[in-house]
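Dear colleague,

I am passing on the structure we spoke about, so that you can look at it alongside my notes. Please read the notes with the coordinates open, and tell me where your reading departs from mine.

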Amino acid sequence: MILKKFNLIEIALAIGILAVGLTSIVSLFPIGLQETRDSIGQNYSSETADSMLAYIAREAYNDWNVLASVPEGKPISSLTDSSGWTHLEGNIYGPDAGNGVYGLKVSSGDNDSITDFAGEVLLWKSKVQNIRAANEDIDELEYGDAIALHLEISWPIERNYSQRKKNTFYLELFNYDQ
Amino acid sequence: MINKIKKCFTLIELIVVMAIFIVLFAIISSFYNTAHKVISSSDEHTMIFENAKIALDLMSRELQCVYYENGKTPFWHWKPDTSPSAWGNYRNELLAFVSVTNFSQNDDCTSKISEIKYQKYYATNHSDSKDGWLRRSVTGNKMSDGSDNPQWNYYNNLIVGYTTDLIAGTDTPVASFTATSDSNESYQKVIPYVTDLTFTCFDKEGNEITPDTTASTDADAGVITEFPYSLEVTLKLMDKNSWRKWIDIGGNVNPQNDTGNIKTFREKHERTFKKTVLIGNRGQYDN
């Protein structure tokens, strides 16, 4: 009775196949991690957008004229990093606010020394259209009466604008104090 | 008799196979270690984010439903310069306001309008089961004896979870109807592992409203602090594992007093969340 054993080549082949299998499984980790990072980024962007819209609404209701400086078309991205920004309130920064370009930065640490999330906000306006008020169909409202604000958040700030993740938000404000 | 010839591995073959296996194992395990660390860190972050979202969503929803009545509804932001010992475990920054809630009406509250209070529990040692908890209490419009409350400022001690068990006094306590998660205190534990909770109130122009800094346990009658137009909530918290490690290495019950490596560890694992809540004009600017 001759017992056939595995030879070295067979074992080496088996290990090779095992290695390929394990490598393909392990290669899924980075994909999963990237998805998690994206998901965290999405959460940060929507949370900070909420605060940003609250901030703009307060500024607008205090003085409607501040909205006059908001550009009508989508501004051009101009931020490439999160250093040297002017702090406005909370996580909101205004490095180029006059042109509708804001920064959002979520920081941790006692002196905000750790940056958790940094993104660019592009803010622009358009006229509120197609609404029905007081039994009347209105095609378009003037800026003095109402304003539609568009907000695009893109992150991470270090990437080129075209390669960033992006979320867009929309808010209609009505000047009920006039 | 037939000779049985068994072909076995030679020592060299075994050594070569073992060497290949060890190299492969080393490569895979190092990759696995790295991946495991990143996944753990990502899990920690997700847990922190979920806790923060629960707390900030709850607070912002109730703040957006805040109720104002000229001269009657209090809005109290208490931020003492020093922590008066008279406050016992209630020395941290506190926000108290009247809000329209979705609580079911009952004997303690016959309207949907209730008083809400938020505060981080002030522990003196980490063995306290309430250490690191953000707490919330809801108080109805009825006194504990069933009679009506005489005014909106119906708490003489603006303390989260105020009951006669906590503060000795002659005032008839108001009825709290939050879920009682501890044996004799009426409050809800919202989220754990909180290292700091602060508030910044703003008027319509965006100027910061000065909080009440007096070391008094009794609120003044009527409007306590200026009713804000918007406010910012800042919440700092950790994940469960980091919180435990931080305590093990000697984290201070008042985290802002941490120093050296303990502070470095906390700053690395603690995350900060800020939320701006717009309240708007509820009548406070109509006078």
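**The nonpolar core**

Within the largest nonpolar core, which holds 65 residues, the members that touch the most other members are A52(B), V194(B), L231(B), L235(B) and L237(B). Helix α1 of chain B, residues 11-64, gives this core its largest share, namely seven residues. Please keep in mind throughout that this is a predicted model. To take one of those core residues in detail, L235(B) is in contact with A52(B), A55(B), L56(B), V194(B), L197(B) and F273(B), once its neighbours within four places in sequence are left aside.

**Chain A as a whole**

Turning to chain A, I find two helices and eight strands, and along the sequence they follow the pattern α-α-β-β-β-β-β-β-β-β, with the helices ahead of the strands. The radius of gyration of chain A is 26 Å, whereas the globule rule gives 16 Å for 178 residues, so the chain is more spread out than a compact globule. Along the principal axes, the C-alpha atoms of chain A fill a box of roughly 105 × 45 × 25 Å. Buried residues account for 21% of the 178 residues in this chain, and of its contacts with a separation of 6 or more, 56% are between residues 24 or more positions apart.

**Strand pairing in chain A**

The strands β3(A) and β4(A) run antiparallel and are joined by eight bridges, one of the pairs being S108(A) with I114(A) in β4(A). The hairpin that these two strands form has five residues between the strands, and in this hairpin G109(A) takes a positive phi near 95°. β4(A) is also joined to strand β7 of chain A, residues 146-155, by seven bridges, again in an antiparallel arrangement; here S126(A) has A148(A) in β7(A) as its bridge partner.

**Where the chains meet**

The contact between the chains draws on 34 residues from chain A and 35 residues from chain B. On the side of chain A that touches chain B, at least two residues each are supplied by α1 (8-26), α2 (28-62), β3 (101-108) and β4 (114-126) of chain A, and α2(A) gives the most, with 14 residues. By character, the residues on that side of chain A divide into 18 nonpolar, nine polar and seven charged. The strands β3(A) and β4(A), which pair through eight bridges, are thus among the elements that supply this side of chain A.

With best wishes

Definitions and conventions
Residues are numbered from 1 along each chain as its sequence is written. Chains are lettered from A and ligands numbered from 1 in the order in which they are written. This is a predicted model: local features need pLDDT of at least 70, side-chain atom pairs count only at pLDDT 80 or more; totals for chains, interfaces and linings use all residues. Two residues are in contact if their C-beta atoms, placed from the backbone, lie within 7 Å. Helices (H or I, at least four residues) and strands (E, at least two) are DSSP runs, numbered from the N terminus. Ala, Val, Leu, Ile, Met, Phe, Trp, Tyr, Cys and Pro count as nonpolar, Asp, Glu, Lys and Arg as charged, and the others, Gly among them, as polar. Two strands pair if DSSP finds at least two bridges between them. The radius of gyration is taken over C-alpha atoms; the globule rule is 2.2 Å times the number of residues to the power 0.38. A residue is buried if 20 or more other C-beta atoms lie within 10 Å of its own, exposed if 12 or fewer, and partly exposed in between; C-beta atoms are placed from the backbone. A nonpolar core is a set of buried Ala, Val, Leu, Ile, Met, Phe, Trp, Tyr and Cys residues joined through C-beta atoms within 7 Å.
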